[in-house]
Amino acid sequence: MSQTGWTLKALPEMNEQQFSLWRELLETRTGIYVTEQRKSFLQSSLMQRMREVSCDNYQEYYERIVHDPMGNIEWAKLVDRLTVQETRFYRDPAAFEYVGKYIQAHQAKFTKKNPLDIWSVGCSSGEEVYTLAMLAHEKLADEKKDCFIVTGTDISVPVLNKARQGVFSQRRLVTLPELYRNQYFKQNDDEQFNVVSDIKKNTCFAQVNILQLDKVAKSTRHIIYCQNVLIYFRHWRRQEILNHLVDRLAPGGLLLIGMGEMLDWQHPDLTPVKGEQITAFIKRV
Ligand SMILES: C[S@@+](CC[C@H](N)C(=O)[O-])C[C@H]1O[C@@H](n2cnc3c(N)ncnc32)[C@H](O)[C@@H]1O
């Protein structure tokens, strides 16, 4: 059958056994737990990739991922389809305002040798990283404008490549305060907007699977920002990940997660931030 004819052919529904197999693989490798309600998301994302590689059998494609010597290369492409990458600039204004206040209040200790070290966990295409970098640049005093670094990490390599470019359409910028839009972006010849170098040079991106946080250095980050990632994991795993994040926070550091992403969670080394519309914690000194 011609490629065009093949792509038009509908793939069959996944049966229960296939669903369990794929669900388990995804959870073991990424932590993401697909509920029954999200089965259609798993199926349509798989179908999309299977069409591209001309495979019409879930079992065969599974075998290819798990047992083929090139399976890891295919997996890297597939995982990009199986993760939800929705994001936007200044997504949670209350959380970013609090981060701004925190930076201002603690800036005395940040220097070129000991820069403010911010980590965006599950950063998607970079909007969160650049928002944090713009905030740091705005809030730090003139002589400290360069004393910060924001690192964005994600499991998906394609999304990190996009983040690294720092190029966004005008439509993507609408959620940003005007001050940031005007100050930190430059329109290019393609009518896209480039993040200016003052911001970009203080950011970096790396592939880190949140299930392998033991590979990340401990006690170094002043701010860890982890929003809209834990919601895809089971409760016990969220707890485990958060414990790892706490170990990676410097004494006095700030941990910010999404509202309602971890209800009733406490950690002996953390003090919850009260009275704000956010879920945040400060690590005890
Ligand atoms: C919905 S986006 C959230 C983006 C951003 N944090 C925000 O709030 O706008 C979730 C991101 O988490 C990433 N992700 C999912 N599982 C991951 C894992 N095991 N390790 C690292 N990143 C992961 C996805 O690739 C995706 O880019």
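**Figure 1. Residue classes in the lining of the largest pocket.** The lining of the largest pocket divides into 13 nonpolar, 10 polar and 5 charged residues. The structure shown is a predicted model. In total, 28 residues line this pocket. Val84, Gly122, Asp154, Asn228 and Val229 lie nearest its centre. The volume of the largest pocket is about 440 Å³. Both domains take part in its lining: domain 1 (3-82) and domain 2 (93-283) each supply at least three residues.

**Figure 2. Surroundings of the ligand.** There are 20 residues around the ligand. Thr30, Thr87, Arg91, Asp154 and Asn228 come nearest. Asp154 and Asn228 are also among the residues nearest the centre of the largest pocket.

**Figure 3. Polar contacts to nitrogen atoms of the ligand.** Which parts of Thr30, Asn209 and Ile210 face a ligand nitrogen in these contacts? For Thr30, a polar backbone atom is 2.7 Å from a nitrogen atom of the ligand. For Asn209, a polar side-chain atom lies 2.9 Å from a ligand nitrogen. For Ile210, the partner is a backbone N or O atom, 2.8 Å from a nitrogen atom of the ligand. On its own, the ligand has 590 Å² of accessible area, and the protein covers 99% of that area.

**Figure 4. The second largest pocket.** About 210 Å³ of space lies in this pocket. Its lining consists of Gly260, Met262, Leu263, Asp264, Trp265, Pro272, Val273, Lys274, Ile278, Thr279, Ala280 and Phe281. By class, 8 of these residues are nonpolar, 2 are polar and 2 are charged. Which strand gives the most to this lining? Strand 10 (residues 279-283) does, with 3 residues.

**Figure 5. The largest cavity.** The count of cavities of 30 Å³ or more comes to 1. The largest cavity holds about 30 Å³ of space. Leu26, Ile32, Val34, Arg38, Phe41, Leu42 and Leu82 line this cavity. How do the lining residues divide by class? The division is 6 nonpolar, no polar and 1 charged. Arg38 is the charged residue, because Arg counts as charged.

Terms used:
Residues are numbered from 1 along each chain as its sequence is written. This is a predicted model: local features need pLDDT of at least 70, side-chain atom pairs count only at pLDDT 80 or more; totals for chains, interfaces and linings use all residues. Side-chain values use heavy atoms; hydrogens and water are left out. On a 1 Å grid over the protein atoms alone, a cavity is a set of points where a 1.4 Å probe fits but cannot get out, and a pocket is an open set with protein on both sides within 12 Å along at least five of seven lines; lining residues have an atom within 4 Å of a point. Grid points are joined across faces, edges and corners, and a volume is the space filled by probe spheres set on the points. Domain bounds come from an automatic or database domain assignment. Helices (H or I, at least four residues) and strands (E, at least two) are DSSP runs, numbered from the N terminus. A residue is near a molecule or strand if one of its heavy atoms lies within 4 Å of it. A polar contact is a pair of N or O atoms within 3.5 Å; within protein, one must be able to donate a hydrogen and the other to accept it, and residues adjacent in sequence count only if both atoms are side-chain atoms. Accessible areas come from the Shrake-Rupley method with a 1.4 Å probe; for residues, only the protein chains shown count as cover.
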